[in-house]
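Visitor: Please take one part of this model and go through it closely, with the cut-offs behind each term.

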Amino acid sequence: MTLIKTKCNSKDILDRAKLVLKIEFEEIQAVGNKLDEGFVGAVELILSSNGRVIVTGMGKSGHIGKKISATLASTGTSSTFLHPAEAHHGDLGVVQKDDIILAISYSGETDEVCSLVPHFKRIGTPIIAITGDPNSTLARLAYSHINASVKLEACSLNLAPTASTTVALALGDALAVVLLEMRGFKADDFALTHPAGSLGRRLFVKVGDLMRTGENLPLIGPEKSIAEAVLEMSAKRMGMTCVTNKNEEILGILTDGDLRRIISCGTDIHKKLVSEVMSKKALTIENNSLASEAALKMEKEKINHLLVVNSRGKLIGALGIHDLLEAKIL
């Protein structure tokens, strides 16, 4: 088959792309207005089950189903994907009586999916169907049906699944988010299923995991000279030093920014004491706080360092913006 390329300018390209997005946006809005007790029944059924949500679908619906299953699994609803063709050759064994089937087929007549229905019925597994036809075979045999019908595909031929798959995906997201909220699923729960990557770092890494402690923590007494503070800051390479008394109680903080201002005024750093120039307002954060919270606090206060304290307010470390950058929190 020989395809004839159509000449078009930038405006034509952008206009066509915008039309695709407009169609899909409008179809999602329309399906939202059609939500009914079928969606409510699906949510209630899943919440009452002790099993998994087994998602199945063929072709493009299968690809959408895999994403829906992954979203459910990461938001508190145990789920896995079952390929309908593979199910006929042994994979049906993964389905247990306590599970729930979420079957996706726009026509509601997909042979590979519909032919599995008697087997699901024999096992005793209830079916939730997402189709574009409430009168289809799959919809009629399902315990609960979610209407995903669209008036128009975004494809100019009105053939390729485009708006219909977008609508199915959006319905899967709606289902997952409602279930998340109904289960009381929290950020800490989300972190447990996302330990890697930037998302896991933001949700899982604590200040105590990154803070400088022991010999790496810059400390100086208020009676020391600024010159001695410079040596401490240079040795610990943190761009600041905590100012503490003999009991390591926080008295203040001296930063490299403070030093620049002092030197620019012609101050003799060998004669001036730390207590005379330190910032008495040293911002702190608890070691059990999320590192992402420390990042927000630094951004809000426009600072590069936080002193870290335990639950009793005792100094136990320090955290710099470079520590957050190295850990890829920022």
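The second largest pocket and its surroundings

Guide: Eighteen residues would be a long list, so here is the centre: of the 18 residues lining the second largest pocket, Ser61, Tyr106, Pro161, Ser164 and Thr165 lie nearest its centre. The elements that give two or more residues to this lining are α3, β4 (127-131) and α8 (163-183). A pocket here is an open set of points on a 1 Å grid over the protein atoms alone, where a 1.4 Å probe fits, with protein on both sides within 12 Å along at least five of seven lines; a lining residue has an atom within 4 Å of a point. Helices (H or I, at least four residues) and strands (E, at least two) are DSSP runs numbered from the N terminus.

The model is predicted: local features need pLDDT of at least 70 and side-chain atom pairs count only at pLDDT 80 or more, while totals for chains, interfaces and linings use all residues. Residues are numbered from 1 along each chain as its sequence is written, and side-chain values use heavy atoms, with hydrogens and water left out.

The volume of the second largest pocket is about 210 Å³, taken as the space filled by probe spheres set on grid points that are joined across faces, edges and corners. Its lining has nine nonpolar, seven polar and two charged residues. Nonpolar covers Ala, Val, Leu, Ile, Met, Phe, Trp, Tyr, Cys and Pro, charged covers Asp, Glu, Lys and Arg, and the others, Gly among them, are polar.

Of the contributing elements, α3 can be followed further. Helix α3 covers residues 60-74, and its 15 residues should span 21 Å at 1.5 Å a residue; the end C-alpha atoms are 22 Å apart, which agrees. The expected span is 1.5 Å times one less than the number of residues. Ser61, named above at the pocket centre, is one of the buried residues of α3, and so listed with it are Gly62, Ile64, Gly65, Ile68, Ser69, Thr71, Leu72 and Ser74. Buried means under 20% relative accessible area with a 1.4 Å probe, protein chains only. Just after α3, Gly76 takes a positive phi of about 100°.

For comparison, the largest pocket holds about 280 Å³ of space. Its lining has 14 residues, with Ile253, Thr255, Ile303, Asn304 and His305 nearest the centre. Here β8, α13 (256-264) and β10 (305-309) each give two or more residues, and β10 gives the most, with three. By class, this lining divides into six nonpolar, four polar and four charged residues.

Technical notes. Buried < 20%, exposed > 50% of the residue type's maximum accessible area, 1.4 Å probe, protein only.
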